[in-house]
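This report goes from the whole of one chain to single helices and residues. Please look over the sequence and the model before reading on.

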Amino acid sequence: MEIKKGVAVSPGISIARSLIIDSEDYRIPRRLIEPSQRIIEIQRVRNAFKDATSELTQLEAGQSAIEQRKIKDIFAVHLRFLHDRSLRKKITDLIQSELVTAEYAVSEIMRGIASHFTKEKDAYISERAADIYDIERRLLRQLLGGKREDVEHLTEEVVIVAHELSPTQTAGFNRKFVKGLATNAGGRTSHTAIVARSLGIPAVVALEGLTETVSGGDTVIIDGNRGIVIVNPDDETIRQYEEYSLEFAELEHKLDAIREKPAVTRDGVKITLLGNIEFPDEAELVLQKGGEGIGLYRTEFLYLNRDSEPTEQDHYRAYAETISVFKHRPVIIRTMDLGADKYTQSKRFAPEPNPFLGLRSIRFCLQNLTMFKTQLHAILRASVLGEVKVMFPLITNLQELMQAKMILRDVMEDLDEESISYNRNIQTGIMIETPSAALMASTLARDVDFFSIGTNDLTQYTLAVDRGNELVSTLYSSADPAVLRLIRTVIQDSHKAQIDVSICGEMASEPEYIMLLLGIGVRTISLAPPMMPEIKQIIRSVTVEDCNNVARKVLGMNSERQISNYLRVAVRKILPEAF
Amino acid sequence: MQAGEYTLERDLILHKSQNGSPKVVCETAVEIKNADGLHMRPAMQFVDVANQFDCDIAVSNSETSVDGKSIMQMSMLAATVGSKLKIKAEGADAEQAINALRELVEEKMFDEPAPDEQKKC
């Protein structure tokens, strides 16, 4: 039994067998196996060689023309390596003597050979290292490929263990069987955390070295309340956790009971709770948890986990499905927000050196107009089905907003020409998630119907902290006074301009921030559906006057630590079981 | 797939014949003459020829000795043009093997140009 401590990012308890996902470009971790498992790992190496050989044989056969002789030669050389018994023996010997996994042994031996070539002075020979890396990748694909496919074709409940999960990987999950997530890297606002919360499954991140401790198939307990992962627990621990899991479910059930009750403070102020979703089928979950509409539909998930761009019809179908759940309630569709960590980088020949400050989100859309217009066409077409609003992400200046609006008008004209009906007065809003947009809020407010404050990016850009980098992620906090001052500015400016404003970042689903947000004038919040009952419970337990006092106190404080401590104490008095 | 199975089967035969037959040992020294040296494709040609024979084949330079039937070990010799290698064969068909390999390295030069020929191109 081994206990690892990380950061809890999504509540709940889950006990299941582990499925390890390794990514192809990530260095294979050294993972130890039991002596009895050696024979299995050696067989896996044999199978990988066999499958890689037949894959290559097919490839080689396909290259018949004379001009392709060079390529044919390369494949022929690779085949000789796969037939080389002394190479295979080196790998299986490493498994025998060091008790490591097949993946690690293959990677270790092949990289050893490659580095031998790199050391050669003769350029012609040293370049051969590339061949060795290619053979390594082919073998690893055979070893890991099966597992990656497993994620989509699961037949039993599992918890996923990985170094870090990419949006593409999580989009491919069979959500019926994935019961929890645990990763080496990541923070509260990492992609893994966001996905886990929206699926309502427990997740713990920042578990350094976890993938080296767990082997595929080990029983793992993920405690998303305390931020603990237990590998191969003993029977007593499993029993305790099963009990604890029941208690937790009861608390959840208790909270679910307030679903039908309105989100109103004790002194009668109505707060609107909207849901953040990534997939249309989550709309139902928002409704179940008491949400009154969709405050943030992250449409970028339509683009992930597929080979080609989504068609206009793909967009339309997804939007129509979402809107059908909320016929006369708002559905805010945010246009594609990709770039930096996602999608766009994989399409580039050379990755951007500084992707978070690069071509992402609205900037990417404004440079890829055909793609952008396809999405707007579908949003407008769906606008007659309900109360649809459109929102542009990552606006940094007025000109970008004007350009985006102009393109929206262009698409409207296209629809006029095609005689397709749409809502001509569709409400248009922007995300406020850069310091420049927050500072210019009073100007931007004149040209939009609503603001939505994206606190994740706003925090990262204000504090200049990469939220995914473990080395600096402790500096990332939405309780920083600089971030709070910007948020207050935006709220005040939107009230002055009499436009709607909501909060849609992770901040809105963290209990300790709710009183502060109400105190600075927030009346609409959009959050992950599983957190709704708890947040509603807090709202129903406070008065706006209490909240105003909290906000006044906090805005007078100068340090992040002081603020977060104060907020935690304040909410603990209201909802002790939340902590 | 079939190729892999074939290799295994042939190896079994090899061990049997080794036990009974009288030992023939042959040795020769060769020089790499093609401009690009013993890179991947020549290494492949070398092991392809070596594998046609039942005898054990060891190839050595001044530092190390490797199995002449393994492309991994042969390519790791990283022999450049002008390198001198020693080929040693042990087994019933050792003499034929040595002749065939010397012909490949020194006469055919792996069907590749020598250094001066290459400059003309």
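A residue counts as buried when its relative accessible area is under 20%, and as exposed when that area is over 50%. The model is predicted.

## Chain A overall

Chain A holds 24 helices and 16 strands. It has 579 residues, and 56% of them count as buried. Its accessible surface is about 25,100 Å². Carbon and sulfur atoms supply 49% of that surface.

Contacts in chain A often link distant parts of the sequence. Among those with a separation of 6 or more, 67% join residues 24 or more positions apart.

## Helix H24 of chain A

H24 of chain A covers residues 560-574, which makes 15 residues. From first C-alpha to last, H24(A) reaches 22 Å. That is close to the 21 Å expected at 1.5 Å a residue.

Which residues of H24(A) are buried? They are A:Ile563, A:Ser564, A:Leu567, A:Ala570 and A:Val571. Seen down the axis of H24(A), these buried residues fall within an arc of 130°, so they line one face of the helix. The face turned away from that buried side carries A:Arg561 and A:Lys573, both exposed.

The buried residues of H24(A) pack against four helices of chain A: H20 (481-497), H21 (511-519), H22 (532-541) and H23 (544-555).

## A:Thr183 in strand E5

A:Thr183 sits in strand E5 of chain A, residues 178-183. Is A:Thr183 buried or exposed? A:Thr183 has 0% relative accessibility, so it counts as buried.

What does A:Thr183 contact beyond its neighbours within four places in sequence? The contacts include A:Ala162, A:His163, A:Glu164 and A:Leu165. A:Thr192 is also among them. So are A:Val204, A:Val205, A:Ala206, A:Leu207 and A:Leu210.

## Positive phi outside glycine

Most residues other than glycine have a negative phi. Two residues are noted here for a positive value.

A:Asn232 is not a glycine, yet its phi is about 45°. A:Asn232 lies in the loop between strand E8 (228-231) and helix H10 (235-256) of chain A. With 38% relative accessibility, A:Asn232 counts as partly exposed.

B:Met109 is not a glycine either, and its phi is about 50°. Where is B:Met109 found? It is in the loop between helix H4 (94-107) and helix H5 (115-120) of chain B. B:Met109 counts as buried because its relative accessibility is 14%, under the 20% limit.

Notes:
Residues are numbered from 1 along each chain as its sequence is written. Chains are lettered from A and ligands numbered from 1 in the order in which they are written. This is a predicted model: local features need pLDDT of at least 70, side-chain atom pairs count only at pLDDT 80 or more; totals for chains, interfaces and linings use all residues. Side-chain values use heavy atoms; hydrogens and water are left out. Helices (H or I, at least four residues) and strands (E, at least two) are DSSP runs, numbered from the N terminus. Buried means under 20% relative accessible area, exposed over 50%, partly exposed in between (1.4 Å probe, protein chains only). Contact means heavy atoms within 4.5 Å. Accessible areas come from the Shrake-Rupley method with a 1.4 Å probe; for residues, only the protein chains shown count as cover. The expected span of a helix is 1.5 Å times one less than its number of residues. The arc is that of the directions from the helix axis to the C-beta atoms.
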